[in-house]
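Here is a set of exercises for you to try with the viewer open. Take each task on your own, then walk through the solution beside it.

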Amino acid sequence: MTWDELKAHREGQGDLTIADLFEDQDRADQFSVRLDGAVFDYSKTLIDEGARELLLAMAKEADVTGRRDAMFAGEKINDTEGRAVLHTALRDPGPKPVTVDGENVLPGVHETLDRMEEFADGVRGGKVRSVTGGRFTDVVNIGIGGSDLGPAMATLALAPYHDGPRVHYVSNVDGAHIHDTLKGLDPQTTLVIVASKTFTTIETMTNAETARNWLRNALGNDSVGRHLAALSSAVDKTTAWGIDPSRVFGFEDWVGGRYSLWGPVGLGLMIAVGPKRFREFLAGGHAMDRHFREAEGAENLPLMLALVGIWHRQVCGYPTRAVLPYDQRLSRLPAYLQQLEMESNGKSVAMDGSALTVPSGPVVWGEPGTNGQHAFYQLIHQGTEVVPCEFMVAAKGHEEDLAHQHALLVANCLAQSEALMKGRTLDEARELMKAKRFEGDELERQSAHRVFPGNRPSTTLVYPMLTPDMLGRIIALYEHRVFVEGVILGINSFDQWGVELGKELALALAPVLAGDEDGADKDPSTQALVAFVQGHR
Ligand SMILES: O=P(O)(O)OC[C@H]1O[C@](O)(CO)[C@@H](O)[C@@H]1O
């Protein structure tokens with residue numbers, strides 16, 4: 001199976017439209033995957049029986065199942081860093097061992113989870129108290145990238161389950177972020193969690209220093225440790241920074257930053273919703289793992305989500321995909337998925353070091369519906385680029401007294417996918433404008449503006465309700481989708497060399513901006529911008 005064969009199939013479809021494909025009365029059923037009360041409908045795409053067969057054959061030839069089994073078996077599939085990829089172990093209840101280098105990692109995972117639970121319960125129940133003996137009312141998680149986006153997204157997503165202290169997230173090195181967060185808080189009742197896998201990330205360490213000074217000024221140097229905790233795989237560095245080992249929750253290098261929400265990095269979420277809900281979240285992720293490992297071919301939800309992605313990006317050539325959750329509490333999901341998908345699959349070099357012959361993963365972007373409808377959907381409906389849309393919506397909302405609003409939300413979501421597929425022809429537009437009494441040239445001109453090309457692809461994921469369990473399933477679904485796409489592209493989805501250069505250059509530029517170095521080695525544009533900033537502060 002080659003890319004050329006898939007592209008030839010697409011070309012062979014000629015003028016076929018998505019709407020044409022619905023001549024098959026069973027299409028909606030045949031081109032969707034049902035799982036545990038959820039449905040993923042990809043029937044509103046141009047994937048037909050032949051395309052699906054070719055895509056499945058491509059997955060088979062790429063040995064997705066073999067690579068999947070290697071990942072779950074703890075093999076070092078992140079082979080540019082020599083690491084296993086086992087975030088799935090963080091949500092694995094056992095008892096079947098999961099081994100890395102011959103050692104079962106589950107006992108360590110469960111021991112850390114137990115410690116996290118004891119700590120979270122202590123903070124929530126008042127056993128872990130502030131220096132003044134009061135309860136912690138607020139928790140500030142300081143981290144960035146994978147040490148922020150996952151827990152921040154999930155904490156917001158599970159707002160109906162919050163029954164602990166308020167949890168805030170600070171990520172940006174822009175002092176405005178930590179300033180605005182701490183401004184409303186009382187250091188006497190605030191716990192600061194420093195989340196950093198490496199414990200070297202400049203943004204996090206800078207914000208952590210600011211927060212520690214804020215605590216020190218209010219509580220004194222000796223007491224500050226009782227308001228701090230750390231989440232990291234560099235446990236030695238956390239101790240050197242002054243955090244008591246009893247308040248450090250460690251994880252291994254086989255947990256990638258953007259996959260770390262399931263372990264210690266999820267502590268903020270656990271404090272917000274409680275250990276029981278957090279376990280439900282883990283159980284949801286684990287259920288998706290089992291499905292991913294067991295379901296065959298077109299029954300496999302992550303596999304099909306990935307193949308739809310491959311179809312749109314690498315076969316049809318659409319450069320972006322929009323993630324459109326019709327769920328306000330998933331408003332950070334697009335940002336979370338941007339890191340998960342773009343940091344994982346934004347690569348142009350294959351495993352063996354050769355250049356990719358097809359485009360890398362797409363640009364991922366989005367906003368929750370219905371807000372996006374009143375902003376960028378114009379381009380999605382009538383722009384010159386085709387943007388495959390991934391809609392998602394809960395069948396039921398949490399606000400039972402506002403069920404009518406949820407019904408309106410669902411109606412909007414489903415109507416969008418329908419409109420994208422059907423569009424509006426020139427004849428239909430003319431009829432509309434005639435009814436408004438336009439005629440002659442003006443009728444033609446006005447009608448042209450009201451044509452929607454249609455035939456624009458979308459998928460829809462409908463889940464019963466956004467519970468902790470369902471959120472776990474959705475996140476694990478997307479993780480495995482990224483994995484499958486990476487395997488098919490032949491890239492390493494688990495390193496991120498592309499972000500390292502920016503980090504290095506920022507560090508080199510800081511002393512130039514401070515005036516400690518002259519920056520003569522910088523390019524003329526950068527030198528001029530530095531001079532401008534220096535002249536205006
Ligand atoms: O948790 P750390 O080590 O502070 O890293 C934060 C983030 O920085 C990155 O390494 C690069 O942006 C991400 O992969 C990671 O999630």
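How many nonpolar, polar and charged residues does the shell around the ligand have?

**Solution.** Keep in mind that this is a predicted model. Step 1: find the residues around the ligand; there are 14 of them. Step 2: look for those that come nearest, which are Gly 145, Gly 146, Ser 196, Thr 201 and Gly 257. Step 3: sort the shell by class, which gives 2 nonpolar, 9 polar and 3 charged residues.

**Exercise 2.** Work out the strand order of the open sheet with parallel pairing, and find its edges.

**Solution.** Step 1: recall that strands of a sheet pair through backbone hydrogen bonds, either parallel or antiparallel. Step 2: trace the 5 strands in the order β6-β5-β7-β8-β9. Step 3: look at the two ends of that order. β6 (166-170) and β9 (248-250) each have a single partner strand, so one side of each has no neighbour in the sheet. Step 4: check how neighbouring strands are turned against each other; ignoring direction, the average is 20°. Step 5: zoom in on β8 (residues 228-232), which runs parallel to β9 and is joined to it by 3 bridges. Leu 231 has Phe 249 in β9 as its bridge partner. Step 6: add the helix. α9 (residues 202-219) lies across β5 (138-142), β6, β7 (190-195) and β8, and its direction is at about 150° to β5.

**Exercise 3.** Do the same for the open sheet of 6 strands, and see what lies between β1 and β2.

**Solution.** Step 1: read the order, β1-β2-β13-β12-β10-β11, and note that the pairing is mixed. Step 2: find the edges. β1 (32-35) and β11 (363-365) have a single partner strand each, so each is left with one side lacking a neighbour in the sheet. Step 3: note the twist, which averages 15° from one strand to the next. Step 4: turn to β1 and β2 (residues 38-41), an antiparallel pair with 4 bridges. In this pair, Arg 34 has Val 39 of β2 as its bridge partner. Step 5: place helix α16 (residues 403-422), which packs on the sheet and touches β10 (320-326), β12 (389-394) and β13 (458-463). The direction of α16 makes about 155° with that of β12. Step 6: stop at the loop between β1 and β2, where you will find Asp 36. Asp 36 is not a glycine, yet its phi is positive, at about 45°.

**Exercise 4.** Describe how helix α19 packs with α13 and with α5.

**Solution.** Step 1: choose what to report. Two packed helices are described by the angle between their axes and the distance between the axes.

Step 2: take α13 (residues 301-315) and α19 (residues 468-489). Their axes come within 8 Å and cross at roughly 55°. α13 and α19 are therefore oblique to each other, and the crossing is right-handed. On the α13 side, the contact residues include Leu 301, Leu 305 and Ile 310, while those of α19 include Leu 477, Arg 481 and Val 484. By class, this contact of α13 with α19 has 9 nonpolar, 2 polar and 2 charged residues.

Step 3: take α5 (residues 64-72). The angle between α5 and α19 is about 125°, and their axes are 10 Å apart. That angle makes α5 oblique to α19, and α5 passes α19 in a right-handed crossing. Val 64, Arg 67 and Met 71 of α5 meet Phe 483, Val 484, Val 487 and Ile 488 of α19. The contact of α5 with α19 divides into 6 nonpolar residues, no polar ones and 1 charged.

**Exercise 5.** Which residues make the contact between α17 and α18?

**Solution.** Step 1: locate α17 (residues 426-435) and α18 (residues 440-449), which pack at about 120° with their axes 8 Å apart. Step 2: name the crossing, which is right-handed. Step 3: list the residues. α17 brings Leu 426, Ala 429, Arg 430, Met 433 and Lys 434, and α18 brings Leu 443, Gln 446 and Ser 447.

**Exercise 6.** Where do Pro 95 and Thr 370 lie?

**Solution.** Step 1: Pro 95 sits in the loop between α5 and β3 (99-100). Gly 94 and Pro 95 are joined by a cis peptide bond with omega about 0°. Step 2: Thr 370 is in the loop between β11 and α15 (377-382). The peptide bond from Gly 369 to Thr 370 is cis too, with omega near 5°.

Conventions:
Residues numbered from 1 in each chain as written. Predicted model: local features only at pLDDT ≥ 70, side-chain atom pairs only at ≥ 80, totals over all residues. Pairing = 2+ DSSP bridges. Helix = DSSP H or I, 4+ residues; strand = E, 2+ residues; numbered from the N terminus. Axes fitted to C-alpha atoms, helices over the stretch in contact; angles between N-to-C directions. Contact = placed C-beta atoms within 7 Å. Parallel < 35°, antiparallel > 145°, perpendicular 65-115°, else oblique. Left-handed = near helix turned anticlockwise from the far one by under 90°. Nonpolar A, V, L, I, M, F, W, Y, C, P; charged D, E, K, R; others polar. Near = placed C-beta within 6 Å.
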